[in-house]
Amino acid sequence: MTDLTPSALAARLAERAHDLVQFLLPAGVESGGEWQVGSPKGEAGQSCKINLTTGKWKDFSSQEPGGDLLDLFVAVRGITLGEAMREACDWL
């Protein structure tokens with residue numbers, strides 16, 4: 001699975017968005033088709049929203065650019081894209 005492009009891997013992650021956000025951000029809550037959490041650091045709150053259908057996310061309380069679920073892996077773990085791809089493949 002390591003031969004996937006970042007966008008292909010993000011699409012694979014989006015297929016399991018609900019499971020992934022529970023794994024990465026367990027303090028979040030589901031509301032209206034989104035997973036809501038305080039920030040990519042994982043505290044409780046509603047500023048960071050992840051769409052459970054598309055996998056797109058944004059932290060509305062910061063300058064964090066948001067992105068897809070692979071970008072969320074980077075933000076939550078504080079790692080590089082390459083490291084996030086390896087971790088995401090392992091998780092899948």
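Two strands pair if DSSP finds at least two bridges between them. Keep that in mind as you look at this predicted model, because the tour begins with paired strands.

**Stop 1: the hairpin of E1 and E2**

Select residues 29-31, which form strand E1. Now add residues 34-37, strand E2. E1 and E2 pair in the antiparallel sense, and three bridges join them. Between the two strands of this hairpin sit two residues, and Gly 32 takes a positive phi near 55° there. Click on Val 29 and look across to E2: the residue opposite is Gln 36.

**Stop 2: from E2 to E3**

Keep Gln 36 selected and add residues 48-51, which make up strand E3. Which residue of E3 is the bridge partner of Gln 36? Select Lys 49 to see that partner. E2 and E3 also pair in the antiparallel sense, here over four bridges. Gln 36 therefore takes part in the pairing of two strands, standing opposite Val 29 and bridging to Lys 49.

**Stop 3: Ser 39 in the loop**

Follow the chain onward from E2 and select Ser 39, which lies in the loop between E2 and E3. Is Ser 39 buried or exposed? Ser 39 is buried: its relative accessible area is 9%, and the cut-off for buried is under 20%. To see what surrounds Ser 39, show Leu 25, Cys 48 and Asp 59, which Ser 39 touches when residues up to four places away in sequence are not counted.

**Stop 4: helices H2 and H3**

Hide the strands for a moment. Select residues 17-24 for helix H2 and residues 69-77 for helix H3. Two packed helices are described by the angle between their axes and the distance between the axes. For H2 and H3, the angle is about 5° and the axes are 11 Å apart. The two helices are therefore roughly parallel to each other.

Next, show the side chains at the contact. On H2, pick Ala 17, Leu 20, Val 21, Phe 23 and Leu 24. On H3, pick Leu 69, Leu 72, Phe 73, Val 76 and Arg 77. What kinds of residues make this contact? Nine are nonpolar, none is polar and one is charged.

**Stop 5: Phe 23**

Stay on H2 and centre the view on Phe 23. With a relative accessibility of 41%, Phe 23 counts as partly exposed. Leaving out residues up to four places away in sequence, Phe 23 touches Phe 73, Arg 77 and Trp 91. Draw a distance between the C-alpha atoms of Phe 23 and Phe 73: the separation is 11 Å, although these residues are 50 residues apart along the chain.

**Stop 6: two salt bridges**

How many salt bridges does the structure hold? There are two, and you can visit both.

For one of them, select Arg 77, a residue you met at the helix contact, together with Glu 87. Their closest N and O atoms are 3.0 Å apart. Glu 87 lies in helix H4 (residues 81-91) and Arg 77 in H3, so the pair ties together parts that are 10 residues apart in sequence. Glu 87 is partly exposed at 30% relative accessible area, and Arg 77 is partly exposed at 36%.

For the other, select Asp 19 and Arg 16, whose closest N and O atoms are 3.6 Å apart. Asp 19 is partly exposed, with 38% relative accessibility. Arg 16 is partly exposed too, with 32%.

Methods. Residues are numbered from 1 along each chain as its sequence is written. This is a predicted model: local features need pLDDT of at least 70, side-chain atom pairs count only at pLDDT 80 or more; totals for chains, interfaces and linings use all residues. Side-chain values use heavy atoms; hydrogens and water are left out. A salt bridge is a side-chain nitrogen of Lys or Arg within 4 Å of a carboxyl oxygen of Asp or Glu. Buried means under 20% relative accessible area, exposed over 50%, partly exposed in between (1.4 Å probe, protein chains only). Axes are lines fitted to C-alpha atoms, for helices over the stretch in contact, and angles run from 0 to 180 degrees between N-to-C directions. Angles under 35 degrees count as roughly parallel, over 145 as roughly antiparallel, 65 to 115 as roughly perpendicular and the rest as oblique. Contact means heavy atoms within 4.5 Å. Ala, Val, Leu, Ile, Met, Phe, Trp, Tyr, Cys and Pro count as nonpolar, Asp, Glu, Lys and Arg as charged, and the others, Gly among them, as polar.
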